[in-house]
Structure formats: structure tokens, C-alpha cells
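Reader: Please take a close look at one part of this model and follow it through in a single connected account. Plain description is enough.

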Amino acid sequence: MRKIILYIAASLDGYIARPDDSIDWLEDKAYAIEGEDYGYSEFVQTIDTTLMGNSTYEAILSFEKPFPLPTETNFVFSRSAGHTDTAQVKFISTDAVAFAQELKQQPGKAIWLMGGGQLNTLFLNAGLIDEIILTYIPRVLGAGIPLFAAGAQETKLHVSSSQHYPNGFVQVRLYK
Ligand SMILES: NC(=O)c1ccc[n+]([C@@H]2O[C@H](COP(=O)([O-])OP(=O)(O)OC[C@H]3O[C@@H](n4cnc5c(N)ncnc54)[C@H](OP(=O)(O)O)[C@@H]3O)[C@@H](O)[C@H]2O)c1
């Protein structure tokens with residue numbers, strides 16, 4: 001069965017974006033390490049599908065850059081049925097948990113749960129997250145959009161590995 005992997009970065013106080021959705025703090029040039037992508041390109045080789053909430057999709061569009069994964073199958077979850085699919089994404093407004101359960105049964109590579117916090121909580125509570133690759137950024141934001149939205153159930157995970165980088169980033173790999 002295919003795995004669903006949450007690959008995401010968070011501030012030290014557990015936020016994935018500022019209250020206004022900005023992620024400038026993730027891209028602070030002061031953190032840059034020449035040639036280091038924190039395992040991103042290796043990770044992307046293992047997936048062929050992404051899942052995201054509509055707010056994450058809208059945040060990606062607001063960056064006004066080419067869609068990051070144009071060749072993968074990208075699903076955007078929305079409670080509203082009025083969206084039009086694009087060349088890059090398909091909108092899903094049927095039951096998100098049932099959709100993901102069905103997707104896991106299909107042949108293919110791993111599935112990247114991109115976030116954000118609402119989708120993470122929905123999938124966590126449904127027991128659908130098989131692994132988490134979480135990169136902590138050594139910065140307290142003080143406010144923002146949490147990694148898991150309100151209503152996340154207490155869930156015990158196991159750490160398979162952790163790695164720290166010279167810029168202070170700490171990447172933790174967890175599994176169910
Ligand atoms: N730091 C990182 O690595 C990282 C990664 C990913 C995202 N982010 C950030 O996270 C923020 C977005 O997170 P978020 O928690 O606000 O929102 P989100 O989880 O990305 O999306 C929320 C939206 O998903 C849809 N949704 C939620 N529950 C649903 C359900 N049960 N069934 C169907 N659709 C459902 C709804 O869309 P409708 O309103 O259309 O119904 C809802 O408004 C953005 O700022 C983004 O930049 C950061």
C-alpha cells in the first residue's frame with residue numbers, strides 16, 4: 001500500500017506560515033547553505049502524487065512562480081464543488097478521507113501530504129499519515145498557522161532519525 005508522507009517545515013513554536021500566510025521566514029537568505037536542499041530532491045523522487053488543502057494551493061499560487069510539481073498528480077481539497085481543474089491540479093470536494101484511503105490502495109509511489117494545518121489534522125485524526133518529515137526552523141514566530149489545526153487528536157509517533165544542519169535546521173523523521 002502506498003504511504004502518505006507529510007513533508008513540511010515549521011517554526012520552533014510549531015507554525016507553518018505567518019498569520020497572513022507568508023513563508024518568507026523559511027526562505028531567509030541567512031539560512032542558505034550552498035547546495036543543500038534538506039533532502040527535498042531525494043524525497044520528491046519517492047512521490048508521484050501530492051495532496052493539499054485549498055489554502056495551501058492558494059498560497060502557492062500567490063508566490064507567482066511556476067507550479068512547483070507540474071508533472072506529479074496534484075489534488076486540492078475543498079468543501080466547495082465550484083472549482084475548475086487546471087493543467088496542474090484536480091480539485092476534490094467529495095469526502096477527503098475516503099478519497100485518500102482509496103488513493104492509498106492504487107499502485108504508485110508515495111503520496112506527499114503538503115499541508116496545511118487543516119488537512120494535516122484531518123489526515124492525522126483519520127490515521128492516514130504514515131510518516132512525517134518535519135524540518136524545524138530555529139525561529140519563534142509567535143503567531144501563525146499551526147502545523148496541526150485545532151482538534152488534532154493526541155497521537156504518539158516514533159522517531160526513525162533526526163539530522164541537524166549547520167544553519168540550525170533540525171529535520172526529524174517520524175513514523176506511525
Ligand atoms: N511551512 C510549510 O512547509 C508549509 C507547507 C504547506 C502549507 N503551508 C502554509 O499553510 C497555510 C495553509 O494552511 P491552513 O491550515 O490554513 O489550510 P489548508 O489545510 O492548506 O487548507 C484549508 C482548506 O482546505 C479545505 N478543507 C479543509 N478541510 C476539508 C475537508 N474535510 N474536506 C474538504 N476540504 C477541506 C477547505 O477549503 P475550502 O475553503 O475551499 O472549502 C479549507 O479552507 C498556507 O499559509 C501555506 O503557505 C506551509
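Author: A search of the whole structure, a predicted model, finds 13 aromatic pairs (Phe, Tyr or six-membered Trp rings with centres within 6.5 Å; stacked under 30 degrees, edge-to-face over 60, otherwise tilted). One of them is formed by Tyr7 and Phe43, and it counts as stacked because the ring centres are 4.4 Å apart and the planes meet at 10°. This pair connects distant parts of the chain: Tyr7 belongs to strand S1, while Phe43, 36 residues away, belongs to helix H1, residues 40-45 (DSSP runs, at least four residues for a helix and two for a strand, numbered from the N terminus). Numbering starts from 1 along each chain as its sequence is written, and side-chain values use heavy atoms, without hydrogens or water. Local features need pLDDT of at least 70 and side-chain atom pairs 80 or more, whereas totals for chains, interfaces and linings use all residues.

Strand S1 (4-11) also helps to form the shell around the ligand, supplying at least two residues, as do strand S2 (15-17), helix H2 (54-62), strand S6 (110-115) and helix H4 (117-125). The shell has 25 residues, and Ala9, Asp21, Thr56, Ser78 and Arg79 are the closest (a heavy atom within 4 Å). By class, 12 of the shell residues are nonpolar, 11 are polar and two are charged.

Backbone atoms make polar contacts with the ligand (N or O pairs within 3.5 Å). A backbone N or O atom of Ala9 is 2.8 Å from a ligand nitrogen, and one of Arg79 is 2.8 Å from a ligand oxygen. Gly117 places a polar backbone atom 2.9 Å from an oxygen of the ligand. Of the 940 Å² that the ligand exposes when taken alone, the protein buries 84% (Shrake-Rupley, 1.4 Å probe).

Two backbone details remain. Most residues other than glycine have a negative phi, and most peptide bonds are trans. Asp21, in the loop between S2 and H1, is not a glycine yet has a positive phi of about 80°. Gly115 and Gly116 are joined by a cis peptide bond with omega about 0°, and Gly116 lies in the loop between S6 and H4.

Note on methods. Polar contact = N/O pair within 3.5 Å; in protein donor to acceptor, adjacent residues only side chain to side chain. Nonpolar A, V, L, I, M, F, W, Y, C, P; charged D, E, K, R; others polar.
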